[in-house]
Amino acid sequence: RSKDFKTPLVFKFNKPVNLPIHSLFVNSDFNAIWLRNGKVIDMQIVKPYQLYVNPKEKFDTLIEIPII
């Protein structure tokens, strides 16, 4: 991911995982939406340079949408 991303990103996993994300090299806020089996399990606004952002539950898909 580049410093200024403008396109939504989708990450799919083969099985539910509980992995944190970070925004260390991102200069703008973005929405993180975690899904499991197609249902939203958590949503957070992620600020730049956060070291650790974790969802409430295991997920199999993560969508990152830039806030423009």
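This report describes the fold of a single predicted chain, moving from its overall form to its central strand and then to individual residues.

**Overall form**

The chain contains 0 helices and 4 strands, and its order along the sequence reads β-β-β-β. For 68 residues, a compact globule would be expected to have a radius of gyration near 11 Å, and because the chain itself has 11 Å, the value agrees with that expectation. The C-alpha trace spans about 30 × 20 × 15 Å along the principal axes of the chain. Of the contacts with a separation of 6 or more, 59% are made by residues that stand 24 or more positions apart.

Buried residues account for 31% of the 68 residues. The accessible surface amounts to about 4700 Å², and carbon and sulfur atoms contribute 57% of this area. The chain carries 10 positive and 6 negative side chains, with the centres of the two sets lying 4 Å apart.

**Strand β2 and its partners**

Strand β2, which covers residues 30–36, is mostly covered, since 5 of its 7 residues are buried. Strand β2 is joined to two other strands, as the table sets out.

| Partner of β2 | Residues of partner | Bridges | Direction | Citation |
|---|---|---|---|---|
| β3 | residues 39–46 | 7 bridges | antiparallel | |
| β4 | residues 59–66 | 6 bridges | antiparallel | |

Individual bridge partners can be named on both sides: R36 is paired with K39 in β3, while A32 is paired with E64 in β4. The link between β2 and β3 is a hairpin with 2 residues between the strands.

I33 is one of the residues of strand β2, and at 15% relative accessibility I33 counts as buried, because the cut-off for that class is under 20%. Apart from its neighbours within four places in sequence, I33 is in contact with V40, D42, M43, T61, L62, I63 and I65. Among these contacts, V40, D42 and M43 fall within the range of β3, whereas T61, L62, I63 and I65 fall within the range of β4. The C-alpha atom of I33 is separated by 12 Å from that of V53, a residue 20 positions away along the chain.

**Backbone in the loops**

Most residues other than glycine have a negative phi. Against that background, two loop residues deserve attention. N37, in the loop between β2 and β3, has a positive phi of about 55 degrees although it is not a glycine. N37 also counts as exposed, because its relative accessibility is 67% and the class begins over 50%. Y49, in the loop between β3 and β4, is likewise a residue other than glycine with a positive phi, in this case near 65 degrees.

**The segment before β1**

K6 is placed in the segment that precedes β1 (9–17). With a relative accessible area of 61%, K6 is exposed. Leaving aside the neighbours within four places in sequence, K6 is nevertheless in contact with P66 and I68, and P66 belongs to the range of β4. K6 and K56 are 50 residues apart in sequence, and their C-alpha atoms are 26 Å apart in space.

Key:
Residues numbered from 1 in each chain as written. Predicted model: local features only at pLDDT ≥ 70, side-chain atom pairs only at ≥ 80, totals over all residues. Heavy atoms only, no water. Buried < 20%, exposed > 50% of the residue type's maximum accessible area, 1.4 Å probe, protein only. Pairing = 2+ DSSP bridges. Rg over C-alpha atoms; globule rule 2.2 N^0.38 Å. Contact = heavy atoms within 4.5 Å. Areas by Shrake-Rupley, 256 points an atom, 1.4 Å probe, with all protein chains shown as cover. Lys, Arg positive; Asp, Glu negative; His and termini not counted. Charge placed at Lys NZ, Arg CZ, Asp CG, Glu CD.
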